[in-house]
Amino acid sequence: MTTWGDFNDAAPLPDEGLSELPTAGQVALDRLPGAGQPMPAAAGPIAPDIEQIATFLDVVFGYCDGLIPVRGFVDQGQGLDTKPHNIWVPADRHAAASLSAYATWAAREGSAVYVIPGTVAEQGQARAEHVLQMQTVVVDLDAGDIAAKLAHLVHHLGAPTLLVESGGRTAEGAAKLHAWWRLTEPAEGEDLARLCALRGEIAEKVGGDLHFRSAHQPIRVPGTVHQKHGVQRRVTIREHHPRVEVELPDFAAAVATMPTMPGLEAPTAAPGANRPGLDAVLTTPVREGSQDAWTRFQGASAAIGHFVRMVHEGRITGDEGWEAICQYNAACLRPAWPLDRLKVEADAIWALHVDRNGPPLLRAAAPPPGAIAAHTLGALLDDTSPMPDDLIGPRLLTPGGMLVLGGAPKVGKSDFLISLLVHAAAGAPFLRFTAPRPLRVFYLQAEIQYHYLRERLQQLRLDPAVVARARDTLVVTPKLRMLLDEQGVPLVAAAIRAAFPDAPPDIICIDPIRNLFDGGPAGEGENDNAAMMFFLQGRVEALRDQVAPEAGIILAHHTKKLSKQQVKDDPFLSLSGASALRGYYTSGAILFRPDEEQTERELHVELRNGPGLEPMLVDKRGGAWVELDRTGERLVRKDIGRKLDAERTRRHDVILRLIAEEAEEGRLCTANAFASKFENKRGLGGKDNIRERIGVLAMKGYIKYRREARDLGQPYTKSKNGYLVVQDMLLGTGEETIDPETGEIIPATVRVLPSHFQCPRSEALLEVENPEVWVLHDPEEPA
């Protein structure tokens, strides 16, 4: 904190207030080419770059809602006298096409393209008070030693998300630069004022453009054309680091500790404002909305910094320091900050203080514990106290344990995990697994976006009673864009505390490891054993220790590309990454599909705290996971068996179709007559094979019989069973009739109903009770 008072004190712009421009000076979007339409060619040799415009819009407006105020000013020195032209572009997926069309028009007219790097609610709005959202912090380096200023910023604040050459040149010939840092989410309200204050403070400390204290200060758009004094240059993106995002509190703390560049005067307070003493900060109430001599953020930062310094120097313990910070929050901030935000601010300032001043001299809250706990054999043998209840039994997840669920992409791992967590949150059994009571579950997932997450949950076919019990005990995050690092751990811990304020969670689930992995200072990946151990101990278990030391942890992980046989021989060797993972967890589960042409999956489980479980054959049927009976599963020659099954099914279909076709042509067939006629035709084989297939179909109810058919014009038969009949069979009469609906002349037919069927238990031929109702005896057919 270096500046106290009004941060939004930028000098008025010469063309203040876009909404007051004459109508002739405004360009409507409906006069510009839309998305997918050709844009007019630029008159000059340099045309706008739509890819750079799109990149810029993503960095500066990708998370914002509302309208982007766009301003077109004629660059100086061209001899043109044209009024500014302004449009308002919706911050959506068509923004790049719309702004590129405008930029092409502006290049032809000799105008430069600027935007206010924030969104407003309505067209015509462009004053500072109209800006509702901003998601970037920008500094304009337009004079002096540009390279030294940039190096100073990178050293203290980190590399920017976007570095832009504005097209202008300093007196020394250096390219003028805009440095942009993207936030993880848009700033609004009080945070928006705080963001503008940061822009002013950064500019003061490095000699940048101080006008960016104001929210409505416009800036050039990369990809457009700079045309001052008739010299054309494209505004160019020099560097783009799309993964660089910063949290506003952390970035503000870094700006506060960044020193002023050598040779520049330290920034002073705004006129009429004085930096208060520490006693005043710690005792003076401060309200939101900058109603007082300093803001809540300034007061909280000063108070937290004071107590952090006392803890660092060993004058008070960490617990005492946190208690003092909470007391200040409750006594002086009106309204008080939420505790999770307060914790994030304190952690960020603590990290910066340690980085600048070295390791702390921490005061122990209590005498250090004695030697590592150890027990004699006799004590262990004599201890007959009850074992703790499994969180998910039998021994799949124990208190303080860690379960790793592995599976190849698209095998259904996340879907299986969601079902397991819903049942655990409801205290209901899932497959062979049980929970002793409804558990509090926090599911930290980084793969599925919000709308697709809710769609997947709504598609689950679960018992309504299970869903009712789990509605409030399972908390799920949408897809996260973060790492579980030194900044991510306290953020997640704060989210867990907010989700379960009354009691700690029983289960913390992280899905998947790869998207949140942090290998430590060395930056190694998940294939390095040391990095994996650092992640498990320094990140995952550190998170658990902060919120619930006895909670169980579930980690979802990907598997390597191994052959099916290798996976079957040792499923747990397929876990991706370092082998240290397998040696660390207390239980592991692998879900894989043994045959890509089948939907069934195998679930293999190994337990460190109990006997292993037999592999399970599972599948998702009707939207719910079920365990399949393995007793009927083929053990040898599975491929050949499936081919034979398919061939039998084909023959059944062909026989049924041929019986129906023969009837449509006016012929009913007995079993022997049918077998003789179609012997070695249509791939049905010999007469005996055909009669055998007909017998099977009759036992299953697909074929029934008609003993007497002389009333249908068929000859008398001596066959003991009679003529073959299939469901919905029609017999051609040899005559013609007129279709009453279409008037078409069609062959006349009559329905053929069965009189007898073959009993599936006694094989006796029995009379059909109701010929109009066709009953199947095939157990594989749905009822």
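# A walk through the sheets, helices and loops

To begin, select β14 (residues 441-445) and strand β16: five bridges join the two, and they run parallel. Keep in mind as you go that this is a predicted model. Within the pair, click on phenylalanine 442, whose bridge partner in β16 is isoleucine 508.

**Stop 1: strand β16**

Now select residues 507-511 on their own. Five of the five residues of β16 are buried, so this strand is largely enclosed by the rest of the structure. Turn on the side chains and look at which way they go. In a regular strand the side chains alternate between the two faces of the sheet. Here Ile507, Cys509 and Asp511 point one way, while Ile508 and Ile510 point the other way, and all are buried.

Next, add β17, residues 552-558, to your selection. β16 and β17 pair in the parallel sense, over four bridges. To find your place in this pairing, pick isoleucine 510 and look for its bridge partner in β17, leucine 555.

**Stop 2: the nine-stranded sheet**

Zoom out to take in the sheet around these strands. In what order do its nine strands come? Reading across, you pass β15-β14-β16-β17-β13-β18-β19-β20-β21; the sheet is open and its pairing is mixed. At the edges stand β15 (474-476) and β21 (624-627), each with a single partner strand, so one side of each is left without a neighbour in the sheet. If you rotate the view to look along the sheet, note that neighbouring strands are turned by 20° against each other on average, direction ignored.

Stay at the β21 edge and select β20, residues 616-621, as well. This pair is antiparallel, with four bridges between β20 and β21. Valine 618 is a good residue to label here, since you can pair it by eye with glutamate 627, its bridge partner in β21.

**Stop 3: a buried serine in a loop**

Go to serine 576, in the loop between α17 (564-569) and α18 (580-584). Is this serine buried or exposed? Its relative accessibility is 9%, and because buried means under 20%, serine 576 counts as buried. Show its surroundings as sticks: leaving out residues up to four places away in sequence, serine 576 touches Arg514, Glu526, His557, His558, Thr559 and Lys560.

**Stop 4: glycine 683 and helix α21**

Move on to glycine 683, in the loop between α20 (671-677) and α21. With a relative accessible area of 42%, glycine 683 is partly exposed. Setting aside neighbours within four places in sequence, its contacts are Glu647, Arg650 and Arg651. You can also draw a distance from its C-alpha to that of valine 654: the two are 9.0 Å apart in space and 29 residues apart in sequence.

From there, select helix α21, residues 687-700. At 1.5 Å a residue, its 14 residues should span 20 Å, and the end C-alpha atoms are 20 Å apart, which agrees. Colour Ile690, Arg693, Ile694, Leu697 and Ala698, the buried residues of α21. Then look down the helix axis: these buried residues fall within an arc of 140°, so they line one face of the helix. Just after the helix, check the backbone of glycine 701, which takes a positive phi of about 95°.

Continue to strand β22, residues 703-706. Ile703 and Tyr705 point one way from it, Lys704 and Arg706 the other way, and all are buried. Its partner is β23 (residues 723-726), paired in the antiparallel sense over four bridges. For a single matched pair, choose lysine 704 and valine 725, its bridge partner in β23.

**Stop 5: the four-stranded sheet**

Now look for another open sheet, with four strands in the order β4-β6-β5-β10 and antiparallel pairing. β4 (134-141) and β10 (236-240) are at its edges, each with a single partner strand, so one side of each has no neighbour in the sheet. The twist averages 25° from one strand to the next.

Select β4 together with β6 (residues 175-187): seven bridges join them, and they run antiparallel. Valine 139 stands opposite alanine 179 in β6. Add helix α4, residues 190-206, which lies across β4 and β6 and runs at about 15° to β4.

**Last stop: the whole protein**

Finally, clear your selection and view everything. The protein has 21 helices and 27 strands, and 46% of its 783 residues count as buried. Of the contacts between residues at least 6 apart in sequence, 68% join residues at least 24 apart. Switch on the surface to end: about 39,000 Å² is exposed, with carbon and sulfur atoms supplying 52% of it.

Methods: Residues numbered from 1 in each chain as written. Predicted model: local features only at pLDDT ≥ 70, side-chain atom pairs only at ≥ 80, totals over all residues. Heavy atoms only, no water. Pairing = 2+ DSSP bridges. Axes fitted to C-alpha atoms, helices over the stretch in contact; angles between N-to-C directions. Expected span 1.5 Å × (residues − 1). Buried < 20%, exposed > 50% of the residue type's maximum accessible area, 1.4 Å probe, protein only. Arc of directions from axis to C-beta. Contact = heavy atoms within 4.5 Å. Areas by Shrake-Rupley, 256 points an atom, 1.4 Å probe, with all protein chains shown as cover.
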